[in-house]
Amino acid sequence: MTPRAEQKQQTRQSLMDAALTLMESGRGFGSLSLREVTRVAGIVPTGFYRHFADMDELGLALVAEVGETFRAAIRQVRRHEFEMRGMIDASVRIFLAEVAANHAQFLFLAREQYGGSQPVRQAIAALRERITSDLAADLKLMNRMPHLDDAALDVVSDLVVKTVFATLPELIDPPAETLPAHLTAEAKVIQQLRFIMVGGKHWLGLGKPSE
């Protein structure tokens, strides 16, 4: 990479980091202005357009960035599952370590899946679908539910991923000191995932009446 290209990449990253910094103060992405982002990034407002067409394009870049981080965390969990036959609680802790190490990115993801920017919401939904597809493929390889066909595994995977996404806001914030241990976000998501997996092993599949 040439020095000029490297400088351009650094400035682009500075804009993305600036948006995340502003959001860590409690702001939603939709409330951020271009001028605020460029001020925090330390560049003139007109310099923004050398990197992004508008704020929505910046938001899409942030989704792509957190998507890479999220899928890297899932790859660690996958490796643990395949190589160590890890339990759900261990896998959740691996994932939570990544969330803690990349707090600003996951805070953005947690908030903006229901945020004000439609393109960003749609990009996060597409990311969720990719993660669901990856998980369905993993479940098939692990053969934990051999009685379920591909369509049923898709449903189980969708429920797992939506559970994790829905719990992200709680996972990011520290629990209240008065909260019982079994009601902390970590404890709840572990039990919810166990419930889904145990249920999947006993579920007959799509279109089949339960006993």
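Helices (H or I, at least four residues) and strands (E, at least two) are DSSP runs, numbered from the N terminus. On that basis the protein reads α-α-α-α-α-α-α-α along its sequence, a total of eight helices and zero strands.

This is a predicted model, in which local features need pLDDT of at least 70 and side-chain atom pairs count only at pLDDT 80 or more, while totals for chains, interfaces and linings use all residues. Residues are numbered from 1 along each chain as its sequence is written, and side-chain values use heavy atoms, with hydrogens and water left out.

## Overall form

Taken along the principal axes, the C-alpha atoms of the protein fill a box of roughly 65 × 45 × 30 Å. Of the 211 residues in the protein, 41% are buried; buried means under 20% relative accessible area, exposed over 50%, and partly exposed in between (1.4 Å probe, protein chains only). Contact means heavy atoms within 4.5 Å. Among contacts between residues at least 6 apart in sequence, 65% join residues at least 24 apart.

## Annotated regions

Two annotations come from an unreviewed UniProt entry: "domain: HTH tetR-type" covers residues 9-70, and "DNA-binding region" covers residues 33-52. UniProt positions are given in the numbering used here, feature names are shortened, and annotations may be inferred rather than shown by experiment.

Over residues 9-70 the chain is 63% helix and 0% strand, with the end C-alpha atoms 22 Å apart. Over residues 33-52 the values are 40% helix and 0% strand, and the end C-alpha atoms are 13 Å apart.

Helix α2 spans residues 34-41, and its buried residues are Leu34, Glu36, Val37, Thr38 and Ala41. After α2 comes Gly42, with a positive phi near 80°. Another positive phi, near 60°, belongs to Asn143, a residue other than glycine. Asn143 lies in the loop between α6 (118-142) and α7 (150-172).

## Helix α5 and its packing on α7

Helix α5 is mostly covered, with eight of its 10 residues buried. These are Ala104, Gln105, Phe106, Leu107, Phe108, Leu109, Ala110 and Glu112.

Two packed helices are described by the angle between their axes and the distance between the axes. Axes are lines fitted to C-alpha atoms, for helices over the stretch in contact, and angles run from 0 to 180 degrees between N-to-C directions. Helix α5 (residues 103-112) packs with α7 at an angle of about 135°, the axes being 9 Å apart. The pair is therefore oblique; angles under 35 degrees count as roughly parallel, over 145 as roughly antiparallel, 65 to 115 as roughly perpendicular and the rest as oblique. The crossing of α5 and α7 is left-handed, a term that applies if the near helix is turned anticlockwise from the far one by less than a right angle, with right-handed used if clockwise.

On the α5 side the contact involves His103, Phe106, Leu107, Leu109 and Ala110, which meet Phe165, Leu168, Pro169 and Ile172 in α7. By class, this contact of α5 with α7 has eight nonpolar, one polar and no charged residues. Ala, Val, Leu, Ile, Met, Phe, Trp, Tyr, Cys and Pro count as nonpolar, Asp, Glu, Lys and Arg as charged, and the others, Gly among them, as polar.

## Individual residues

The table gives the accessibility of four helix residues.

| Residue | Helix | Relative accessible area | Class |
|---|---|---|---|
| Thr69 | α3 (residues 55-84) | 13% | buried |
| Arg121 | α6 | 31% | partly exposed |
| Leu135 | α6 | 18% | buried |
| Thr163 | α7 | 14% | buried |

The contacts that follow leave out residues up to four places away in sequence. Thr69 touches Asn102, Gln105 and Phe106. Phe106 also takes part in the contact of α5 with α7.

In helix α6, Arg121 touches Glu112, Gln113, Tyr114, Gly115 and Gly116. Glu112 is one of the buried residues of α5. Arg121 and Glu36 are 85 residues apart in sequence and 22 Å apart in space, C-alpha to C-alpha. Leu135 touches Ser157, Val160 and Val161. From Leu135 to Ala61 the separation is 74 residues in sequence and 24 Å in space, C-alpha to C-alpha.

Thr163 is in contact with Val189, Gln192, Leu193 and Ile196. Thr163 and Phe195 are 32 residues apart in sequence, and their C-alpha atoms are 11 Å apart in space.
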